[in-house]
Amino acid sequence: MGTSVIISAVADERDAEQILKLQYLCYQSEAALYDDYGMEPLTQTLADLTAELGRGRALVARLGDEVVGSVRATVDASGTARIAKLIVHPRMRRHGLGGRLLAAIEAQLTAEDCAERFRLFTGHRSETNLRLYRSRGYETVSREPSGPNPKLTVITLEKVAGAGEFAASA
C-alpha cells in the first residue's frame, strides 16, 4: 500500500533540521549548474533557517514522517509575496509536487496575508524551475548578474495574485 504526500499548512522549528538537510541535498544540482558550492542555501545554518521560519510562512510536504518538499515566503506592506526556496526531494521530482507546493503557498498568502502579487527568482540556467514558474503564470520582470558569482544571472519573475491558475488536472 502506498503513502500519499501531504502538504502541511505550516512548517515550524520542529521541521527545521529536516528542511535544512533536504535543502542541502536539493541545491547540489543548482550549485553544479553554476559551479558555486558557497551559495546561501548550502551554507545556511540551522539557527538561521529556524529564524527564517519564524519570520514568514513555510509549508512542508511529507511522505509519512519524511519531509520531501518545502517552500517559504514573506509578504511585505505593499502586498508583494516573495516566494523562496521551493525544494523537492530529487526522487520526488517530475510528479507535480513543486507545482502543488507553489499553488498551496500562493493560496495561503492570498487568503491569510492579502498578497496581491507574487515574486520569485531563479538562475538563468535553471530551466526546470523556469518552466514550472512560467507554466504557473509567472513572467520575467528582470535579469541581473549576480554580484558574487559572475557565472549566474538572476531572473526575477512575477505574477498577479489569481493570475495563471493551473488547471485542476495538475
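The following exchange examines how terms are applied to this predicted model.

Reader: What kind of model is this, and how are residues numbered?
Author: The model is predicted: local features need pLDDT of at least 70 and side-chain atom pairs count only at pLDDT 80 or more, while totals for chains, interfaces and linings use all residues. Residues are numbered from 1 along each chain as its sequence is written, and side-chain values use heavy atoms, with hydrogens and water left out.

Reader: What makes E5 and E7 paired strands?
Author: Two strands pair if DSSP finds at least two bridges between them. Strand E5 (residues 117-123) and strand E7 (residues 153-160) are joined by 7 bridges and run antiparallel, so they count as paired. Within E7, Thr-156 is the residue opposite Phe-121. Strands (E, at least two residues) and helices (H or I, at least four) are DSSP runs, numbered from the N terminus.

Reader: Why are E1 and E6 said to stand at the edges?
Author: The open sheet has 7 strands in the order E1-E2-E3-E4-E5-E7-E6, with mixed pairing. Strand E1 (5-8) and strand E6 (139-145) each have a single partner strand, so one side of each lacks a neighbour in the sheet. From one strand to the next, the twist averages 20°.

Reader: Which residues touch the most other members of the largest nonpolar core?
Author: A nonpolar core is a set of buried Ala, Val, Leu, Ile, Met, Phe, Trp, Tyr and Cys residues joined through side-chain atoms within 4.5 Å. The largest has 24 residues, and those touching the most other members include Ile-83, Leu-102 and Tyr-138. Helix H4 (97-113) is among the elements that supply at least two residues, and H4 gives the most, with 5 residues. Leu-102 is in contact (heavy atoms within 4.5 Å) with Ile-83, Leu-86, Leu-120, Tyr-133, Arg-136 and Tyr-138, leaving aside neighbours within four places in sequence. Another core, of 16 residues, lies apart from it and includes Leu-20 and Leu-42.

Reader: What makes the approach of Asp-36 to Gly-38 a polar contact?
Author: A polar contact is a pair of N or O atoms within 3.5 Å; within protein, one must be able to donate a hydrogen and the other to accept it, and residues adjacent in sequence count only if both atoms are side-chain atoms. The side chain of Asp-36 reaches the backbone nitrogen of Gly-38 at 3.1 Å, so the distance lies within the cut-off. Asp-36 is in the loop between helix H1 (16-34) and helix H2 (40-43).

Reader: Why is the pair Glu-52 and Arg-72 called a salt bridge?
Author: A salt bridge is a side-chain nitrogen of Lys or Arg within 4 Å of a carboxyl oxygen of Asp or Glu. The side chains of Glu-52 and Arg-72 meet at 3.0 Å, N to O, and therefore satisfy this definition. The pair links distant parts of the chain, Glu-52 being in helix H3 (residues 46-55) and Arg-72 in strand E3, 20 residues apart.

Reader: How do you know whether Glu-52 and Arg-72 are buried or exposed?
Author: Buried means under 20% relative accessible area, exposed over 50%, and partly exposed in between (1.4 Å probe, protein chains only). Glu-52 has 17% and is therefore buried; Arg-72 has 3% and likewise counts as buried.

Reader: How is Lys-21 classed, and how is Glu-17?
Author: Lys-21 has 56% relative accessibility, so it counts as exposed. Glu-17 has 46% and therefore counts as partly exposed. Their side chains meet in a salt bridge (3.3 Å, N to O).

Terms used. Axes are lines fitted to C-alpha atoms, for helices over the stretch in contact, and angles run from 0 to 180 degrees between N-to-C directions.
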